[in-house]
Protein chains: 2
Amino acid sequence: MSALSKLDVPALRALHAELSHELELQQANQLALDLTRGKPAPDQLDLSAGLDAAIAGDYFAADGTDTRNYGALSGLPEAKALGAELMGVAAEDVICWGNSSLTLMHICVELALSRGLWGDERRWSRAQPAKMLTPVPGYDRHFTLTQAAGIEMINVPMTDTGPDMQAAINLAAADEAIKGIWCVPKYANPTGCTYSAECVEQLAELPKLAAADDFLVLWDNAYAVHDFSFPSTPLTPILPAARQLGTQDNVVIFASTSKITYPSGGLGFVASGATVLRHITERLGNASIGPDKVNQLRHARFLSGRLEQHMAAHAELIRPKFDLVQATLSEELEALDIARWTTPAGGYFVSLDTRPGLAKRVGELAASAGLKITKPGATFPYGSDPNDSNLRIAPTFADMADLKVAMQVLTLCIKLASVEKQLETSIS
Amino acid sequence: MSALSKLDVPALRALHAELSHELELQQANQLALDLTRGKPAPDQLDLSAGLDAAIAGDYFAADGTDTRNYGALSGLPEAKALGAELMGVAAEDVICWGNSSLTLMHICVELALSRGLWGDERRWSRAQPAKMLTPVPGYDRHFTLTQAAGIEMINVPMTDTGPDMQAAINLAAADEAIKGIWCVPKYANPTGCTYSAECVEQLAELPKLAAADDFLVLWDNAYAVHDFSFPSTPLTPILPAARQLGTQDNVVIFASTSKITYPSGGLGFVASGATVLRHITERLGNASIGPDKVNQLRHARFLSGRLEQHMAAHAELIRPKFDLVQATLSEELEALDIARWTTPAGGYFVSLDTRPGLAKRVGELAASAGLKITKPGATFPYGSDPNDSNLRIAPTFADMADLKVAMQVLTLCIKLASVEKQLETSIS
């Protein structure tokens, strides 16, 4: 098959008829498939079966803390050490609190707005409204959280090596209402790219280049150890770079065990400079007597010394699914030259761009055949993809058989939408 | 011994010398005792050893939910049922989220301030500043949370049957900036009183009598099942009363398993009318993909059908400690007529009032002998007890031997402070 753009109208009509017929056949199958969910499959959850046996009647942390009782607001030392391993920082840079890095991000953003993170007069609420840079495509929950906080979002394009830093620097330098940037630095959601060393260095410096004096790099390292093969290409740690530049209190790092053990049943971590940690801890203390230290101890014991081995076992289960996605995309779309997609070395997603103006149509066609895909637009702030072309593929939760059918249906819908559009353009 | 007030100066001097000598002896013992901590002792924590075995490889909730994965933002059905049992409401009135009722209170107060709980224009931030009624003596963490939120606190006296309702009604009716009232309705912290049925009815009606149209009764039922004997005198449930009056969306109930299983290692609950629940759930969804459902399942399995039995076992361990406190107070202080204290039938505290102006001095004397007591003033907003007379006694964490010594030292300090003061008054 040659590139779609080279086909004449009769050939396009024939292809349209063929693809429409294929879709009808799939519709008749009454499928119920789902590629929306960036969550582990049950076989991945089974890898953490040993968690439940980690306490075995001994509830005492290494420092003698009885984890069953109140205390340790900022977390157990061994849980902080686990967070430090995940985030590439020292244990004293870490707070381990709650079950969710998203909750910690929310606390950080609300605190930055209301009372500031620094114990001085700086707070984002001085700007009306405060604004945030959002590399796109990105993570929808960052966008929802930011919007709910009343913060305006300004898009910055993602590249293969991280956000377009020249664009980010120009924007941040020109407007003191711009208070931060959201980053998923390793295996970014949804592109799967890992920020280059140069990009990390530039982000560590960004708070000094920004017009705002309270600029934050929000560093959501959700996929810190979620590699498909080991050893992986490492992410340059941002906190040491920030310390060299004096921006450690303008960088806040988040991580969790959500896709290491159990989503929602694990631990949330935040790391930053000492001033920010102190003010986050104080804020936590207004609303909490302490985190669930039993679960912290459980996780520390289960993962300590075997994190890479555990993540390698995840990779064994996930990698074939990502390989299948890549194989199907190449086989079905490459020759037609109608889409671009990413080939991540880890994480939970593949990002695909159709030709402009087709993503919503692909979503409609897929739904007609019983395939749910992440709502087109969701990878952009306000649900609005200016090109209507980005699709996020989340292949982990489906089993291989379902994933195979789902990818057939998805690529079929992309082909059909592309042919429809080209026919329309060719005729008019 | 006759009442202290009847003693003449020579008798007072003799008593002062005797008590001072006793204190010197205690000081020489280099004690390290602590009556500050409203937390379970290790033998109480041991009662929940079965929690850790409750999963036993079966992570699936009754409705088929895999508790290891994302989802169920407002909690598992069986966890909601447990909360409903604790709070005297229906399971559909309950959200089970997080490990802490304090965190849920903070979320509720911040939401009431910023966006309101009702999806309309009502929000406490319309008042500058918003104010809250605080029955005193009360729980210091309510006060800290309220102060941190920028809300002004107005004291209402506690009686043996709950807050002085006439005072509460008069205040709330006269000032639309008064947005709510903090309540610990059963075994109140620190008095240990349980609100009467009449008081509960009046509190359910208070939002209608208040000048504010967004008045909240914040009902912290922290000691809902923490009785010393069974069957206990029940607390009248407020939500049914509120429903009859149409105030169910002005009553927010909180509870947790903190003093049932493990403090910080358990479950938090919130209950209210459907409108409030919807807006709290929406707020939770901005910052959370869901609570730790594994721990919810663990708790529901462990406590279901045996909550009363479990709490009776707690009572067996706690009751002797409270009996010892009462016996020591009676023996050491009654004849002298120098203090009033409460005799709770459950909960974690005894409240004691010295003569006016002595509480801080008692704290100093106790500290000099190595006994920590809850900082005098802590049971009042802003740490300020206008009479400087209230002391909170928390006898659960100490073992019986330590508690016995601690109570001897405490009563000694109360006697000494009282004699000092009376001598000073008699001489001048």
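In chain A, 25 residues of domain 1 are in contact with 28 residues of domain 2. This contact belongs to a predicted model, and the report begins with the two domains before turning to the pair of chains and to one pair of helices.

**The two domains of chain A**

Several elements build the side of domain 1 of chain A that touches domain 2 of chain A: helix 11 (307-334), strand 11 (350-354) and strand 13 (390-393) each contribute at least two residues. Helix 11 of chain A provides the largest share of that side, with 7 residues. Domain 1 of chain A is made of two stretches, 4-44 and 309-427, whereas domain 2 of chain A covers 61-304. The C-alpha centres of domain 1 and domain 2 of chain A are 31 Å apart.

**The two chains**

Chain A and chain B also meet: 33 residues of chain A are in contact with 33 residues of chain B. On the side of chain A that touches chain B, at least two residues come from each of helix 2 (42-46), helix 4 (101-114), helix 5 (140-148) and helix 10 (293-303) of chain A.

How is chain A superposed on chain B? A rotation of 180 degrees, with 0.0 Å of shift along its axis, brings chain A onto chain B with an RMSD of 0.0 Å. The two copies are therefore related as by a two-fold rotation axis. Both copies use the same surface, since 100% of the contact residues of chain A recur in chain B.

**A pair of helices in chain A**

Helix 6 (residues 165-174) and helix 7 (residues 197-209) of chain A have axes that come within 10 Å and cross at roughly 5 degrees. Because angles under 35 degrees count as roughly parallel, helix 6 and helix 7 of chain A are roughly parallel to each other. From helix 6 of chain A, the residues A:Met165, A:Ala168, A:Ile169, A:Ala172 and A:Ala173 take part in the contact. Their partners in helix 7 of chain A are A:Cys199, A:Gln202, A:Leu206 and A:Leu209.

**Residue classes**

The table sets out the classes of residues for each of these contacts.

| Contact | Nonpolar | Polar | Charged |
|---|---|---|---|
| Side of domain 1 of chain A that touches domain 2 of chain A | 15 residues | 7 residues | 3 residues |
| Side of chain A that touches chain B | 14 residues | 13 residues | 6 residues |
| Contact of helix 6 of chain A with helix 7 of chain A | 8 residues | 1 residue | no residues |

Key
Residues are numbered from 1 along each chain as its sequence is written. Chains are lettered from A and ligands numbered from 1 in the order in which they are written. This is a predicted model: local features need pLDDT of at least 70, side-chain atom pairs count only at pLDDT 80 or more; totals for chains, interfaces and linings use all residues. Domain bounds come from an automatic or database domain assignment. Two residues are in contact if their C-beta atoms, placed from the backbone, lie within 7 Å. Helices (H or I, at least four residues) and strands (E, at least two) are DSSP runs, numbered from the N terminus. Ala, Val, Leu, Ile, Met, Phe, Trp, Tyr, Cys and Pro count as nonpolar, Asp, Glu, Lys and Arg as charged, and the others, Gly among them, as polar. Copies are superposed by least squares on the C-alpha atoms of residues with pLDDT of at least 70 in both. Axes are lines fitted to C-alpha atoms, for helices over the stretch in contact, and angles run from 0 to 180 degrees between N-to-C directions. Angles under 35 degrees count as roughly parallel, over 145 as roughly antiparallel, 65 to 115 as roughly perpendicular and the rest as oblique.
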